[in-house]
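Notebook open, two chains to go through today. I want the odd backbone spots first, then a helix, then the overall build.

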Amino acid sequence: MREIAFRDALNEALAEEMERDPDVFLMGEEVAEYNGAYKVSKGLLDQFGPRRVIDTPIVELGFAGLGVGAALAGLKPVIEMMTFNFAILALDQVVNHAAKARYMSNGQLSCPIVIRGAGGAGGSLAAQHSQSLEAHYAHVPGLKVMMPATPKDAKGMLKTAIRDPDPVIFIESEVLYGYKGEVPEEEYLIPMGKGEIKREGGDCTVITWSRMVHTVMDAAEELKNSDGVDVEVLDLRTLRPLDKDLIRESVKKTNRVVVVEEAWPWASVGASVADFVARDLFDWLDAPVGRVNQRDVPMPYAFNLEPLSLPSVERVAEAVKKACYL
Amino acid sequence: MADTETTVQAQELDGELAATAREELGDERILEMLRTMVLLRRFEHHAGRAYQRRKIQGFCHLYSGQEAVAVGSLSAATMEDYIVSHYREHGHALARGMEPKAVMAELFGKVTGCAGGKGGSMHLYDVERRFMGGWGIVGGQIALGNGMAFAAKYREEEAVCIAYLGDGAVHQGIVHETLNMAQVWGLPLIAIVENNEYAMGTALERVSAVTDLEKKALAYDMAAETVDGQDVFAVYDAVKRARDRAVAGEGPTWMDIHTYRYYGHSMTDPATYRTREEVDEVKDLKDPIVRLSNWMIAEGMATQEEVDAIDDEMEELVKECVAFADESDQPDPSALTADVYVEWNADID
Ligand SMILES: Cc1ncc(C[n+]2csc(CCOP(=O)(O)OP(=O)(O)O)c2C)c(N)n1
Ligand SMILES: [Mg+2]
């Protein structure tokens, strides 16, 4: 199968969905003439013109709100946040408006918007530009949250997100944009709310998503070689709604769970996943649910400190061994 | 660039403003201003080179071309004034008198840096000099500036806050919320828009309904001014008057200072949205350093040899900064968890 980069897979998803549905448009900072700060929208201005690929001023709250309103009026906006650090400015329109529209209107309104862009640490970008903020959104009923880990997932998930009738927050790890992987030529969708077993194993389930899938895959290889431990890697892909069935199936097989996320530990998505596992699958567990997170501090700039903060292969391996009483 | 400058000859600054500034500042301080501007230029040159060698990483936004704005405005400030800036702030930090070695070491992520290596290029701090950062979210710092102006007024200090922002930041809601409050409460805020015509790859006229940014202040009935940012004395003069008004209790000022950046937005921007001719034209006609040194030579305040010697001296100084940064240690791993909070005694007695 052909291999393409994560950013190009996203680009194909955007192009295909814009081709398919004339109501889909893309708006954000530098998306048109600059071809996107991370080149995700490369060529789309040429292909679809300035009516549908629109550069904005630096006004996250304003253009997110415009997108929410356009969605309420029946269009299918894809709003690019250059990074999710800046999407914080738009939280009012997303949380107070988009997430509430269907419910408050007793089902009269729909808000089929996608808000997407780069998230997580990008490498030496310091505290204001290195945040994993998915918990902000996953906390809110009325929103859906997707975070792909591979080019194939990125494409199929973004296509689904654009077709979804509700607001979808779609966070792309900044360090994955250049990551290459197999992507089918023919059209496919990856369903909302469905995770995937990225690696099968019988000894311990590691639940993770986005960039951390790769860290966990490396740790799984290492654990196999060093300790003969067979890790099952469960990529959630969608954080809300949660794929509870897949988690149940895997945990009933392995009886051990570690949750690995890039974000901070307190009040995080991982905390909620661990809570679900501990209560729903209590009788199936042979060990307490393990967790690996970014350290509970803002991200420092210094090159030697950032790796100490982020979850590493070593820390994942350690947590798995602990769950296996090794 | 804006037409405010078309009356000025190539590489010449406004003679009248320069003569007035000379009377006020004296030759020695003007020489110091030239030296600082050259320092900024050499510093960014070497920062760019260090970035190529991956000694500096992440986002790094160079200030070259805009030197007259930082040096002119901060020459009108006192050390009681608060200064707050965005991520393109190497120039403001150095013009504020921050130790160049500590700034370079910060860019290198070293413990000897002005934020111990935890801030990097976008987050420089020197609270002793009331240099309050170094912030990376476009527009956010102007609200902080308003708070610092509020604090100065609250404590009845004879101080103002100078807050820098870009032309792209002007459209953020926070800017307009801030200006309204500043005017209603008469806060000593001097908001300096460094209008370098682009926000990343976006030319101002593509995203601004009003390109004469001075007009933005009309909605708040605020004093405002358009300034030639390639003329260090024009900047000095405008900021000095704004400061006089602010400490006299006459409220804030909004400034649209026209300037230009020579490098791309950040080190990873090839800047294909503008032509080389456009950049060269500014360098050839409106370079703030050449303009100042030409005037000083014409006035007999310096010789060409002396100007060249300053260049050599600053080149050496910056090379020392690079060596210092290179040889400095990285922060101790224990720094990772320090300074999230401060330890404090919660007892009531
Ligand atoms: C809220 C927010 N949105 C987007 C960005 C990404 N960004 C960083 S600088 C910049 C352009 C700012 O341009 P301008 O205000 O003109 O300042 P300049 O860089 O030209 O000095 C953008 C879009 C950001 N840092 N913060
Ligand atoms: Mg600008």
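Entry 1, backbone oddities. I started in chain A, in the loop between β5 (114-119) and α7 (134-138), where A:S124 sits. This is a predicted model, so I treat what follows as a reading of a prediction. I looked up phi for A:S124 and got a positive value of about 60°, although the residue is not a glycine. That caught my eye, as most residues other than glycine have a negative phi. Is A:S124 buried or exposed? I found a relative accessible area of 9% for A:S124, and since buried means under 20%, A:S124 is buried.

I then went to A:S210, another serine with a positive phi, near 55°. I located A:S210 in the loop between β10 (204-208) and α9 (212-227) of chain A. A:S210 has 4% relative accessibility, so I put it down as buried.

Entry 2, cis peptides. I noted that most peptide bonds are trans. Which residues of chain A does a cis bond join? I found A:R240 and A:P241, with omega about 0°. A:P241 lies in the loop between β12 (238-240) and α10 (244-254) of chain A.

In chain B I marked the bond from B:G133 to B:G134 as cis too, with omega near 20°. I checked where B:G134 falls, and it is in strand β2 (residues 131-134) of chain B.

Entry 3, helix α10 of chain A. Having passed the loop before this helix, I went through its residues. Which residues of α10(A) are buried? I listed A:L246, A:I247, A:S250, A:V251 and A:T254. Looking down the axis of α10(A), I saw these buried residues fall within an arc of 120°, so they line one face of the helix. On the other side of α10(A), I have A:D245 and A:E249 as exposed.

What covers the buried residues of α10(A)? My list includes the strands β9 (196-199), β10, β11 (231-235) and β13 (257-260), along with helix α11 (269-280), all of chain A. I also noted A:N255 just after α10(A), with a positive phi of about 65°.

Entry 4, chain A overall. I counted 13 helices and 14 strands in chain A. The radius of gyration is 19 Å, which agrees with the value near 20 Å for a compact globule of 326 residues. The C-alpha atoms of chain A fill a box of roughly 60 × 45 × 40 Å along the principal axes. I have 63% of the 326 residues down as buried. For contacts in chain A with a separation of 6 or more, I get 81% from residues 24 or more positions apart. The exposed surface of chain A is about 12,400 Å², with 52% supplied by carbon and sulfur atoms. I placed the mean positions of its 35 positive and 49 negative charges 3 Å apart.

Entry 5, chain B overall. Chain B gave me 11 helices and 8 strands. Its radius of gyration is 20 Å, close to the 20 Å of the globule rule for 349 residues, so I call chain B as compact as a globular protein of that length. I put 57% of the chain B residues down as buried. The accessible surface of chain B comes to about 14,800 Å², and 49% of that belongs to carbon and sulfur atoms. For chain B, I placed the mean positions of 32 positive and 62 negative charges 4 Å apart.

How values were computed
Residues are numbered from 1 along each chain as its sequence is written. Chains are lettered from A and ligands numbered from 1 in the order in which they are written. This is a predicted model: local features need pLDDT of at least 70, side-chain atom pairs count only at pLDDT 80 or more; totals for chains, interfaces and linings use all residues. Side-chain values use heavy atoms; hydrogens and water are left out. Helices (H or I, at least four residues) and strands (E, at least two) are DSSP runs, numbered from the N terminus. The radius of gyration is taken over C-alpha atoms; the globule rule is 2.2 Å times the number of residues to the power 0.38. Buried means under 20% relative accessible area, exposed over 50%, partly exposed in between (1.4 Å probe, protein chains only). Contact means heavy atoms within 4.5 Å. Accessible areas come from the Shrake-Rupley method with a 1.4 Å probe; for residues, only the protein chains shown count as cover. Lys and Arg count as positive and Asp and Glu as negative; His and the chain ends are not counted. The place of a charge is taken as NZ of Lys, CZ of Arg, CG of Asp or CD of Glu. The arc is that of the directions from the helix axis to the C-beta atoms.
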